[in-house]
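Work through the exercises below with the sequence and the model open side by side. Each task is followed by a solution in steps.

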Amino acid sequence: MADRFASLTTRVDLSTELCGVRLQNPTVLASGILGTSKGLLKGVALAGAGAVTIKSLSLEPLPGHNNPIVVGFEAGMLNAVGYANPGIKEGAKEFSNLKEVGVPVIASIIGRGVGDFMKVLEGLWGLDFAAVEVSLSCPHTPGYGMLAGQNTPEATKEIVSVVRKGTELPLLVKLSPNIPEIGRVARAAEEAGADGITAVNTLGPGMLINIEARQPILDFKVGGVSGPALRPIALRCVYDIYKSVKIPILGVGGISTGRHAIEMLMAGASAVGIGTAVYSRGIEVFGKVCQEMEEWMEINGCTSVKELIGAAHAP
Ligand SMILES: Cc1cc2nc3c(=O)[nH]c(=O)nc-3n(C[C@H](O)[C@H](O)[C@H](O)COP(=O)(O)O)c2cc1C
């Protein structure tokens, strides 16, 4: 893999840093997409990702919602997976020896409250995760995230200040795009000890209807919107957060090309998450985005990713 990307790194420097974690390039697999096994994470790393995030783990196993849980539409995807996962005990077995993945692996954790979060964190002890992402922002899982009121500034502060004490790993807090004043929520996370912000989770919930069946398509009826429809909103969220906090941002939402990644960096992100584009461009999307970034940077006389971070904030 190193050889395949050698030509890229000689011309421009795609490396970046996220909460003290060094990444060879700014692309990161977003949580919930292919992150269910170590084998899949390795595949994404081989396809060129700079880091990978696992599917969110809860304390107990969660069955998730009934099918259909995902549906595509002309501007992206609607999903109500419902945080289906095997729980921290089984998850910890799957994610041992993470050095084998070859790039930094970020743990994503969810909980119904601080007690859950702390126990899930305990389950991660001794594993080789590079950072922990605390997801407070799912719009379609009862008891978790938005449906548990975890995304207000007050709840964010309360949860993060406790969770902070449970780990020495860099702590990212994943926010929802649904709150107009997302900068305030990000600041609450920073004040409570977060090392970085992941912005954003899916938008919504939204709905699509099968008009022949006269029924919502998803069994859960509503789901989170991701992909192209989310991109302008995710960009604005990252732009606002960059003005509100000093900690780094992992920008996520609708990124599928090198141009999109550069746009997200210019809004203020230090690295970019990719989720739905894995469905539209395949697992190769990570290598392709890096190559497209490099081409644009060369043409535009830019030698380092660091020159792009926050560039759109210049007066
Ligand atoms: C099928 C699917 C499952 C997801 N599962 C999770 C999850 O378990 N935890 C989480 O924090 N975000 C989850 N997300 C949200 C993504 O990580 C990402 O924040 C969102 O999809 C926006 O990025 P994108 O437009 O590149 O997909 C999921 C998204 C999709 C489409």
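**Exercise 1.** Find the residue in S16 that Val252 stands opposite.

Solution. In this predicted model, begin with strand S15, residues 249-252, and strand S16, residues 271-274. The two strands run parallel and are joined by 3 bridges. Follow S15 to Val252; its partner across the pair is Gly273 in S16.

**Exercise 2.** Place S15 and S16 in the sheet to which they belong, and state which strands make up its order.

Solution. Step one: trace the pairing, which is parallel and gives the order S3-S4-S7-S8-S9-S10-S15-S16. Step two: note that these 8 strands form a closed barrel. Step three: add the twist, since neighbouring strands of this sheet are turned by 25 degrees against each other on average, with direction ignored.

**Exercise 3.** Identify the strands that helix H4 and helix H8 lie across.

Solution. Take H4, residues 114-124, which lies across S7 (105-109) and S8 (131-135). The angle between H4 and S7 is about 150 degrees. Then take H8, residues 258-267, which lies across S15 and S16 and runs at about 135 degrees to S16.

**Exercise 4.** Determine which residues are closest to the ligand, and which side chains place polar atoms by it.

Solution. The ligand is surrounded by 25 residues, the closest being Ser31, Ser56, Lys174, Gly254 and Thr276. Next, go through the side chains:

- Ser56 has an N or O side-chain atom 2.7 Å from a ligand nitrogen.
- Lys174 has a polar side-chain atom 2.8 Å from a ligand oxygen.
- Thr276 has an N or O side-chain atom 2.6 Å from a ligand oxygen.

Finally, consider the cover: the ligand taken alone exposes 610 Å², of which the protein buries 97%.

Definitions and conventions. Residues numbered from 1 in each chain as written. Predicted model: local features only at pLDDT ≥ 70, side-chain atom pairs only at ≥ 80, totals over all residues. Heavy atoms only, no water. Pairing = 2+ DSSP bridges. Helix = DSSP H or I, 4+ residues; strand = E, 2+ residues; numbered from the N terminus. Axes fitted to C-alpha atoms, helices over the stretch in contact; angles between N-to-C directions. Contact = heavy atoms within 4.5 Å. Near = heavy atom within 4 Å. Polar contact = N/O pair within 3.5 Å; in protein donor to acceptor, adjacent residues only side chain to side chain. Areas by Shrake-Rupley, 256 points an atom, 1.4 Å probe, with all protein chains shown as cover.
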